[in-house]
Amino acid sequence: MKRHSREGRFAERVVSGVDDLGADERIVIWIERKAGALWAVGRAVNPQHRPSEEPRPDDYLFEGYELEDALERANATLEDDLRVSTQDGRAVAAEPFTREEILKPLERWFFGRS
């Protein structure tokens, strides 16, 4: 049974690509807020094939206290994956992560607004 856990995820991008054998793969990059006021950036390949949607410890690329640092790392990762997918013949695009995108759900989470 798959668990669905996205609590604390504030933004997510999905990039379609191909693996080394030419099979389709799905890359998910996200920014989340963790306990202790930590921002985290994660990246998972084909998470839909896992028994749980819980991120693995090695999925995390960044943990830190500054949102700007998380945005920088997430966008660099996204850019790299988009470039590789394009080189592999996939015409893919994804909007970069933005501060404004993160602040709206952060305010709702922090202040309990709906």
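Select Asn46 to begin: at 17% relative accessibility, Asn46 counts as buried, because the limit for that class is under 20%. This residue belongs to the loop between strand 3 and strand 4 (60–64). Its backbone also merits inspection, as Asn46 has a positive phi of about 50° although it is not a glycine. The model on display is a predicted one.

**The sheet**

Next, select the four strands together. They form an open sheet with the order 1-2-3-4 and antiparallel pairing. Strand 1 and strand 4 are the edge strands, each of them pairing on one side only. Neighbouring strands of this sheet are turned against each other by 10° on average, direction ignored.

Take the pairs in turn. Strand 1 (residues 9–18) and strand 2 are joined in the antiparallel sense over nine bridges. Within this pair, select Val14, whose bridge partner in strand 2 is Val28. Five residues lie between the strands of this hairpin, where Gly22 takes a positive phi near 90°.

Move on to strand 2 and strand 3, which pair in the antiparallel sense over eight bridges. Here Ile31 has Val41 of strand 3 as its bridge partner. The hairpin of these strands has three residues between them, and Gly36 takes a positive phi near 85°.

Select Ala37 as well, in the loop between strand 2 (24–34) and strand 3 (38–45). Its phi is near 65°, a positive value in a residue other than glycine. Ala37 counts as partly exposed, at 36% relative accessibility.

Strand 3 and strand 4 complete the sheet: they run antiparallel and are joined by four bridges. Val41 appears again at this step, with Phe62 as its bridge partner in strand 4.

**The helices**

Now display helix 1 (residues 67–87). This helix lies across strand 1, strand 2, strand 3 and strand 4, and runs at about 175° to strand 2. Helix 2 (residues 99–111) lies across strand 1, strand 2 and strand 3, running at about 140° to strand 1.

**The aromatic pairs**

Show the side chains of the aromatic residues; two aromatic pairs are counted. For Phe10 and Trp39, the ring centres are 5.6 Å apart and the planes stand at 85°, so the pair is edge-to-face. This pair links distant parts of the chain, with Phe10 in strand 1 and Trp39 in strand 3, 29 residues apart. Phe10 counts as buried at 11% relative accessibility, and Trp39 is buried with a relative accessible area of 3%.

Then select Trp30 and Tyr60, an aromatic pair that is also edge-to-face, at 6.1 Å centre to centre and 80° between the planes. Trp30 lies in strand 2 and Tyr60 in strand 4, so the pair ties together parts that are 30 residues apart in sequence. Both Trp30 and Tyr60 are buried.

**Charges over rings**

Keep Trp30 in view and add Arg9, which lies over the face of Trp30 at 3.9 Å from the ring centre. Finally, select Arg13 and Phe97: the charged end of Arg13 sits over the ring of Phe97, 4.4 Å from its centre.

Terms used: Residues are numbered from 1 along each chain as its sequence is written. This is a predicted model: local features need pLDDT of at least 70, side-chain atom pairs count only at pLDDT 80 or more; totals for chains, interfaces and linings use all residues. Side-chain values use heavy atoms; hydrogens and water are left out. Helices (H or I, at least four residues) and strands (E, at least two) are DSSP runs, numbered from the N terminus. Buried means under 20% relative accessible area, exposed over 50%, partly exposed in between (1.4 Å probe, protein chains only). Two strands pair if DSSP finds at least two bridges between them. Axes are lines fitted to C-alpha atoms, for helices over the stretch in contact, and angles run from 0 to 180 degrees between N-to-C directions. Contact means heavy atoms within 4.5 Å. Rings of Phe, Tyr and Trp (its six-membered ring) pair if their centres lie within 6.5 Å; planes under 30 degrees apart count as stacked, over 60 as edge-to-face and the rest as tilted. A charge sits over a ring if NZ of Lys or CZ of Arg is within 6 Å of the ring centre and within 35 degrees of the ring normal.
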